Structures are given as structure tokens and as C-alpha cells.
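Hi,

Here is the structure I promised to pass on. Have a look at it first, and then read my notes below.

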Amino acid sequence: MTNRTGITDLIGNTPLLYLREASELTGCQIYGKAEFMNPGGSVKDRTALGIIRAAEASGELRPGGVIVEGTAGNTGIGLTLVANALGYQSVIVMPQTASLEKISQLEMLGADLILVPNAPYSSSQHYIHTARQVAQGRAHSEPNGATWAQQFDNPANRRIHRDTTGQEIWQQTSGNIDGFICAVGTGGTLAGVADALRAHKPAVKIGLADPAGSALYSHFNAPPQAGQGQSATAQSEPGPSTTAQSIAEGIGVSFVPGNLDGLSVDFSCQIDDDTALPFAFNLLKHEGISVGGSSGVNIAGAVAMARELGPGHTIVTVLCDAGSRYHSKLFNPEFLMRHKLPFPAWMAS
């Protein structure tokens, strides 16, 4: 029997799940990394652990200290869970439009939760600005100090996905992988996995699945400037971590996160909710796997990449979190009808 010494030891080493519908549609082998099986319920547990461990190593986060972050929810949940386990406090700043389920879970975990209006980045009330201001204030007032996680530009985010998520995918596929694709929130997962896989297999295809309203598809498809390649740079300031045009939370941005610095992609596609949501609904109904809206975008992106590459290829994507985190929105037919979004007949019965 293998015993774990604490909750942080349960983060990572998630299984790859065969996605039957996506695979049969394309003649490819498409797999989803089951990140909803992390103890905090999402891929952001890895980000949280990486950021906290890096802050500890640098001395920025001292015993009994406070970690502050602005988030759409999942990173906040991961940070609070890890902070609780390691003896820190968490202060989470989140837009009021986040799902009720995420808000309730953060309250249950004991986070110091600050809800702010869903304001544009130009507003001082934007959750990123607020998190920075709170971290600065707490750094002076807390006896053990405070640090701002800054997940969009923190290299520890990209690094932990390179060292864990990417390596796990390589091992789980026995190196038989032709493509990896996912959406971007902070950019850590896509860039970190790309770093790991390309180190093993330079020819592997890396793809971006971008929800409607996000800026990254246009960024990666813009003609390169003279002397520049197709890479992301951190020249823009952070904007919302969700897009007004998509139901999916935590992905789609109006800026280029620092985590994407130097990343090139081989394939990119735009995925609207009408395309993404049926994949999430069908996955639950026919394959028994409950996922959120971002996973629907990722699966649709994997299907698009598979059609681009042709039959016979192996493609991996990320199942970011569980559908239970979005019961009040994604699996609520009244909400979907109000926003003119598709839903299956079985959901309304």
C-alpha cells in the first residue's frame, strides 16, 4: 500500500481518459487529462502548489504568511486548499459573476473572500487591481508578511506544468503523442506542457483552443512583425479571465499573459459556446464524465486539431474541472435559455 503524507501529495498524477465521441468523430485517439480529480477539483491545484512552493523557496512567503490572488475561482480554491495544508492564510479576490458553487466552496474552505464588480481592467475595482492593492496592504500589516500570487506572469505556474503535467502526459502516452491542445487562462498549462513535450519530441503539434471573445487567436494568427516570430510577449496588461462572449469561466483573455512568453503554436482555432457545450453535455450523458465549460472548449479544440492532422493521430487535451462547479449555469436550462445557448432535451425533462 502506498501512503500519502498530506493533501499536497495528491496533486497531480491524474489519469488520461479516452474520449470516445471525439475519437470516433475523427478517427484519432483523443484523450483528456482528468484534472478534475485533483483534491481541489481542478487543474489549478498544480498552479497553486507551484506558486506557493516557489514563494517559499525564495523566502517571499514566510511561515504563517498570507497569499493573495485575484482569480475566477479555481486558482483561489487551489491556493486556499494548499495554504490550509501548509499553514498559510489566503485572501481571494474574485468577480461577483463567478459561479455560486465556486463562491460557496471558497467560503467553506475558509478563504478571506473579497467579491468585486465585474469591472473592465481600466477600472480600479477590477479584481486584478484589487488583489495587487490588497497584497501590498497586507504585506505591511501582517506580522508574517503577504505575497501576491500573480498567476498570469508567475514563471512558477508554467514551470510546474512543464515538470508535472507535461511529463505525465509523455509517460502516459509512452511518447506516442502527435498533438496537445487546450485553452488559455493564465497560459501556464499550455506553455508548460508545450515545453515538456517539445523537449521529448520537437515535432509534436501544440494547439490553442480559444473561446469566443478572447484575444489570443488573433494574436497567434497575426502576421509576424519584422524580426519577430510567432510568439507571445507580455506587453499587454491583464484583463478579464473570462470572456463576455463565452459561458466558460477561467479561460479567454484580452491580453497576452507573461506565461506565454516565447511560445509558438502550430495550430489554433476559435470555439464558440454552441460548438463547445454539446461536447460537455454528451460527455456526461454518454461517457459518464462531468466537466465544465472550459473542458468543452478543449474537447472541441482537440476535434478541430484531429481533423487538421487527419485520422490515426493521438491528441491530448485537458479536462480542467468538474461540471458540478457550474450547476447553476452550465447545467441550468433556464440560464441557458436566457442566454440563448444550446442544451439537450434530457436536461429540461
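The six strands of an open sheet follow the order E1-E2-E10-E7-E8-E9, with mixed pairing. This is a predicted model, where local features need pLDDT of at least 70 and side-chain atom pairs pLDDT 80 or more, while totals for chains, interfaces and linings use all residues. Residues are numbered from 1 along each chain as its sequence is written, and side-chain values use heavy atoms, without hydrogens or water. Strands (E, at least two residues) and helices (H or I, at least four) are DSSP runs numbered from the N terminus; two strands pair if DSSP finds at least two bridges between them.

E1 (16-18) and E9 (267-271) are the edge strands, each with a single partner, so one side of each has no neighbour in the sheet. E8 (residues 205-211) runs parallel to E9, joined by five bridges; one of the partnerships is alanine 209 with cysteine 269.

Helix H6 (residues 155-172) packs on the sheet, touching E1, E2, E7 and E10, at about 140° to E2. Helix H7 (residues 188-200) lies across E7, E8 and E10, at about 170° to E7. Contact means heavy atoms within 4.5 Å; angles, from 0 to 180 degrees, are between N-to-C directions of axes fitted to C-alpha atoms, for helices over the stretch in contact.

The largest nonpolar core (buried Ala, Val, Leu, Ile, Met, Phe, Trp, Tyr and Cys joined through side-chain atoms within 4.5 Å; buried is under 20% relative accessible area, 1.4 Å probe, protein chains only) has 40 residues, and Phe180 is among those with the most contacts inside it.

Best wishes

Definitions and conventions:
Buried < 20%, exposed > 50% of the residue type's maximum accessible area, 1.4 Å probe, protein only.
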